[in-house]
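Welcome! Here is a short tour of one helix and one loop residue, written to be read with the structure open beside you.

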Amino acid sequence: MLKKLSELESYLKEHRVRCRLVIPAAKDENVLSAAFTAQRIGIVDTTLIGSERYIRELAEEKKYDLSEINIINEENTSEAAIQSVRMVREGRADIIMNGEESYYNANMILRQIDDRRRGIRKASIMSHMAIFEVERYHKLIAVTDTVLNVAPDLSTKAGIAHNAVFFMRRLGIEIPKVAVLAAIEVVNEAMPATMHAGLLSKMAQRGQIKNCVIDGPLAFDNAISRESAVHKGIINEVAGNPDILLAPDIETANILYQSFVFFANARVASVTLGASAPIVFTSKLDTDETRVASILLAAAAYVPISYR
């Protein structure tokens, strides 16, 4: 089981994972730098879809080696997104990464993924998951959904949990522990997040959400602190030891994300799940380390698992 994000490279090489990465609208210098780094360490083979002239000029300026990079000349952003999704659908690519760190570019890719006729959406719900290496926590911890689902209802949260559990099992955690967050740790009819959390716990117990242990509602303190949980009389295998924090809404998840990064100086990598290939969306605030780690994290979707 991984303890640090820095272990991703050796973990992937141990499992002989090598993936085909496609980057539509490839124009952002930071994204291209991360892709070249991932290519150089031997985890991905990269296809860039964008202005070939611009890509070659940038590569010459930055001394990037293009000898093993496939370039498809396509300057139209929408057509580039369509081609990237087609490559996944036809089995010619394994990971999609946004080539321009903007809402417009990410939304263009998502629209093509979700297209009913030619898209590659696989699960009932698509969701975003960020995995953090926090110095004061004893293992990697995931937070979901930080980007896509604004105010998820019960069935959407079940889908988000399913996606997260599926992925964490690829990181060597056979039975991930999921803490469903709320403001308080007791079910309160006036607080829908607590009702959802209690129902998700029961759904996992009955096998409706498989291969995991879910407990909730849990407040943040007794979710991540065994001492706090025991003080509140909560004694189970999730409280104080979760692998996944399932947030009640996008605001909570996003605030947790920013707090971990800017207050706790956490390392982070993230991936979008629910399509037939993992998607990497990065932002201009991400570090180079985060961009490369996110590519490697997406590649972990192809780690074979020996347990059922």
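## How elements are named

Helices and strands here are DSSP runs numbered from the N terminus, with at least four residues for a helix and at least two for a strand. Please keep in mind that this is a predicted model.

## Met191, a loop residue

With those labels in hand, look for Met191 in the loop between S7 and helix H7 (192–205). Met191 is partly exposed, because its relative accessible area of 28% lies between the cut-offs of 20% for buried and 50% for exposed.

Leaving aside residues up to four places away in sequence, Met191 touches Ala183 and Ile184. Glu57, by contrast, is 134 residues from Met191 along the chain, and the C-alpha atoms of the two are 56 Å apart.

## Helix H10: length and start

Now move along to helix H10, which covers residues 250–262. At 1.5 Å a residue, its 13 residues should span 18 Å, and the end C-alpha atoms are indeed 18 Å apart, so the two values agree.

At the start of H10, a side-chain oxygen of Asp249 comes to within 3.3 Å of the backbone nitrogen of Glu251.

## The two faces of H10

Which residues of H10 are buried? They are Ile250, Ala253, Leu256, Tyr257 and Phe260. These residues cover an arc of only 130° around the axis, and therefore sit on the same side of H10. Ile255 and Phe262 are exposed, on the face turned away from that buried side.

The buried residues of H10 pack against several elements, among them strand S5 (127–133), helix H8 (220–224) and strand S10 (267–273). Strand S7 (177–181) is also one of these packing partners.

Key. Residues are numbered from 1 along each chain as its sequence is written. This is a predicted model: local features need pLDDT of at least 70, side-chain atom pairs count only at pLDDT 80 or more; totals for chains, interfaces and linings use all residues. Side-chain values use heavy atoms; hydrogens and water are left out. The expected span of a helix is 1.5 Å times one less than its number of residues. Buried means under 20% relative accessible area, exposed over 50%, partly exposed in between (1.4 Å probe, protein chains only). The arc is that of the directions from the helix axis to the C-beta atoms. Contact means heavy atoms within 4.5 Å. A polar contact is a pair of N or O atoms within 3.5 Å; within protein, one must be able to donate a hydrogen and the other to accept it, and residues adjacent in sequence count only if both atoms are side-chain atoms.
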